[in-house]
Amino acid sequence: MRALACLAAIALTLVSSHAFAADEDAPNRKPVRAIADARLPVGGQGMLPLYLSSDWSLPLPAISRAIIVLHGRLRNADEYYISAHSAQIAAGDDGKSALMIVPQFLAEIDVVAHKLPADTLRWSLEGWEGGDAALAPNPVSSFEALDAILAKLSDRRIFPNLKQVVVAGHSGGGQVAQRYAIAGKGEAALSRQHIEVRYVVANPSSYAYFSNVRPVPAIAASCAGFNNWKYGMDARPPYLADATPAALEQRYVDREVIYLLGTLDTNPKHSALDKSCMAEAQGPYRYARGHAYVDAMAKRDHGTPNHKVWDVAGVGHDGDKMLTSKCGLAALFDSPGCGAEH
């Protein structure tokens, strides 16, 4: 995994927060700069690229925590691996027993530009954020790809001492983490091995609601698709078709979810903010949308959610700063010092 060594070296010298923040403003309709160097077969239907901080083809008895960091809309897993590595270093001793995993959900333009093998999974430019089926080589949901990662982590021959898995994402990756916390089926394999799972949702543009009530009802009333998946429970993709909205809600309420919200992520005109009427019905900007969603979940009658919301003071839409903040390190590694629960 020579690419991982190079990325680790870059992480030590690159002031990545500036590049990271700038990248969030860039268009997502151009090929990615780098392709992850590891591969995971997904149900015999295609190969998923991903970055790994340790070779998981061999037993890893020193690993007690695995952290999956989901990239944003630019599919820039290389940048997110750098941030994941930076967070692991910042966590000190808490990070030493962690395996960092950054999967990459590619698009057709990436496969063509990098002349990747035909069995490489690729999705539409944004469909992977909501669990859509891959365009090729087979219609595999992006959530099935995450299931495959969790299945790998449940193998006690490789991970005899694994105790916890964290599924985390910022921005577009935060959208994936939130929807996967609702829909994901991979947790069952880990639960059988008594491995805990936590979901960390940082600064997404939108959330999946379980009712048709929205924070801005006037916009919802004029928006025909406001309650369609990934914003609501209507028109769900095949991966979610075998569960009722009530069952999905109960599953979500029971799961451990931490919302990380940057207090300065308040720009209603941010170039990467979802400005569709479906998203605008949830609030004017990410910070407001996050708190409105948490408040809505607290008022639902399916029991008290096993959820927490932590404000990350002084941080805007910057994944690197979010993940390496005290609250980011607390969410990922259980490091002390957050103290921002609301």
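These legends walk you through three close-up views of a predicted model. Residues are numbered from 1 along each chain as its sequence is written, and side-chain values use heavy atoms, with hydrogens and water left out. Because this is a predicted model, local features need pLDDT of at least 70 and side-chain atom pairs count only at pLDDT 80 or more, while totals for chains, interfaces and linings use all residues.

**View 1. The open sheet and its edges.** Here 8 strands (DSSP E runs of at least two residues, numbered from the N terminus) form an open sheet with mixed pairing, in the order 1-2-4-3-5-6-7-8. Strand 1 (38-41) and strand 8 (307-312) are the edge strands, each pairing on one side only; two strands pair if DSSP finds at least two bridges between them. Strand 7 (residues 256-262) runs parallel to strand 8, and 6 bridges join them. Look for Leu260, whose bridge partner in strand 8 is Trp310.

**View 2. Helix 3, largely enclosed.** Helix 3 (residues 77-90; helices are DSSP H or I runs of at least four residues) has 14 residues. Of these, 12 are buried (under 20% relative accessible area, 1.4 Å probe, protein chains only), so the helix is largely enclosed by the rest of the structure. Among the buried residues are Tyr80, Tyr81 and His85. Gly92, with a positive phi near 60°, follows helix 3.

**View 3. Two helices across the sheet strands.** Helix 3 lies across strand 2 (47-52), strand 3 (65-70), strand 4 (98-103) and strand 5 (164-170). Helix 13 (residues 326-333) lies across several strands, including strand 6 (196-202), strand 7 and strand 8.

How values were computed
Expected span 1.5 Å × (residues − 1). Buried < 20%, exposed > 50% of the residue type's maximum accessible area, 1.4 Å probe, protein only. Contact = heavy atoms within 4.5 Å. Axes fitted to C-alpha atoms, helices over the stretch in contact; angles between N-to-C directions.
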